[in-house]
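Let us take a walk through this structure together, one stop at a time. Have the sequence and the 3D view at hand as you read.

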Amino acid sequence: MGINLLAMGSYFPERIMTNDDYAGFLDTSDEWIRTRTGIDSRHMAGWEPVWYMGKKAAEMAIERAGISPKDIGLVIVSTVTSDFVTPSIASVLQYELGIENAAAFDLNAACSGFVYSVDTARRFLETDENIKYALVVSAEALSRIIDFEDRSTCILFGDGAAATVIERSDKMYSSFLNSDGSGARKLFAKNCQVAPIVKAESDFDDGFPEKPVHKLYQDGREVYKFAVKALPAAFSAAAEKIGITGEDIDWFVPHQANVRIIETAAKNLKIGMDKFIVTLDHHGNTSSASIPLALNEAIEKGIVKRGQKLALVGFGAGLSYGSVILEY
Ligand code: ACO
């Protein structure tokens, strides 16, 4: 069984951070950031909670889909920057959007979160005939967990949210999800800390580099090496399942981390960059929101059209990776 991405929506906070803004308080430059990453600017959340950004994106998707929220039977929110330890943002949105009877949960697969969520939604739709539509929302405010003193990491990230309404279809579909947990210590942000009184009594070393709670740590070089292999591997594994190759794909929509990662992966796949949707120049890396934000923008601009074959490929902390191949 395949799926149809019935409609999409997005939301960006108003505030824009340029590379020059970073050069105002960090030892960096527009030239360094652009040549090493391809990023010019990114949005940064101000007062907006992450759930609110997700709600705005979801409202747009539901309105464009022309459906009633009451017909949505599943809400999945992918995020690594939830406003809450609990409840899930999905539960908050289920109420805020007027969705009455739906399973609702958050999914954390880092920057692979959208791909994981779409594939999870498809599995629900296949096995539960009571669910007519699934809503997948990816909402992130990386600005809330980045260390603004770490110049090699903070300049990479941006904030935003995107959503899609999904229904069953008989269109082409394949997917591949995977994780290499041996890289968990290469990219992380801690959520809780041991009470100081207990820590003083213990010498347990969890093997994670020292970093304050809620601050992102990244070994950029190691993540780069992983990403340039994970992107082609994730696509190829899903493509082989249905006997297609990169030639059969109209558009690749990769996780928007760094243009050099995308260029190297494209070369490894022997696919021209003209088949890759790239929006990271003005979005930065918005973690799980990056693929749906890029896809929604390409749809709005008329670049991606109905009937075209898409490969959505994610990779990120975990280290997680995965892909979904579908017909738009
Ligand atoms: N401005 C100026 N100089 C800088 C900056 C900066 N913002 N950041 C680092 N440098 C310096 C370093 O200090 C270093 O200086 P040194 O040689 O004097 O020690 C020099 O630039 C080179 O540093 P590298 O870390 O080797 O730079 P590199 O070319 O590897 O680029 C980067 C760093 C951009 C982080 C790269 O490693 C990268 O893109 N990695 C992948 C990161 C990524 O995409 N992560 C996200 C994927 S998963 C997810 O989305 C969560």
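**A walk from ring to sheet**

Tyr 11 has a relative accessibility of 16%, so this residue counts as buried. Please keep in mind that you are looking at a predicted model. Tyr 52, by contrast, is partly exposed, because its relative accessible area is 21%, and the cut-off for buried is under 20%.

These two tyrosines bring us to the aromatic rings, which form 13 pairs. In one of these pairs, the ring centres of Tyr 11 and Tyr 52 are 6.1 Å apart and the planes stand at 90°, so the arrangement is edge-to-face. The pair joins distant parts of the chain: Tyr 11 belongs to strand β1 (residues 2–11) and Tyr 52 to helix α3 (residues 50–65), with their positions 41 residues apart. Ring pairs also bring in Trp 47 and Trp 51, which form a cluster with Tyr 11 and Tyr 52. Elsewhere, a ring has a charged residue for company: Arg 306 lies over the face of Tyr 328, 3.8 Å from the ring centre.

Next, look for an open sheet of four strands, with mixed pairing and the order β8-β13-β12-β11. At its edges stand β8 (173–179) and β11 (251–254); each has a single partner strand, so one side of each has no neighbour in the sheet. On average, neighbouring strands here are turned by 10° against each other, direction ignored. β8 pairs with β13 (residues 320–327) in the antiparallel sense, over seven bridges. Within this pairing, Tyr 173 has Leu 326 of β13 as its bridge partner.

Two helices pack on this sheet. Helix α5 touches β8, β12 (309–316) and β13, and its direction makes about 125° with that of β8. Helix α8 (residues 220–241) touches β8, β11, β12 and β13, and its direction makes about 40° with that of β13.

Let us stay with α5 for a moment. How far apart should the ends of helix α5 be? Its 15 residues (113–127), at 1.5 Å a residue, should span 21 Å, and the end C-alpha atoms are indeed 21 Å apart, so the two values agree. This helix is mostly covered, with 11 of its 15 residues buried. Among them are Phe 114, Val 118, Arg 122 and Leu 125.

Our last stop is Thr 120, which also lies in α5. Thr 120 counts as buried because its relative accessibility is 18%. Setting aside neighbours within four places in sequence, Thr 120 is in contact with Ile 76, Phe 105 and Leu 107.

Key:
Residues numbered from 1 in each chain as written. Predicted model: local features only at pLDDT ≥ 70, side-chain atom pairs only at ≥ 80, totals over all residues. Heavy atoms only, no water. Expected span 1.5 Å × (residues − 1). Buried < 20%, exposed > 50% of the residue type's maximum accessible area, 1.4 Å probe, protein only. Contact = heavy atoms within 4.5 Å. Pairing = 2+ DSSP bridges. Axes fitted to C-alpha atoms, helices over the stretch in contact; angles between N-to-C directions. Phe/Tyr/Trp six-rings, centres within 6.5 Å; stacked < 30°, edge-to-face > 60°. Lys NZ or Arg CZ within 6 Å of the ring centre and 35° of its normal.
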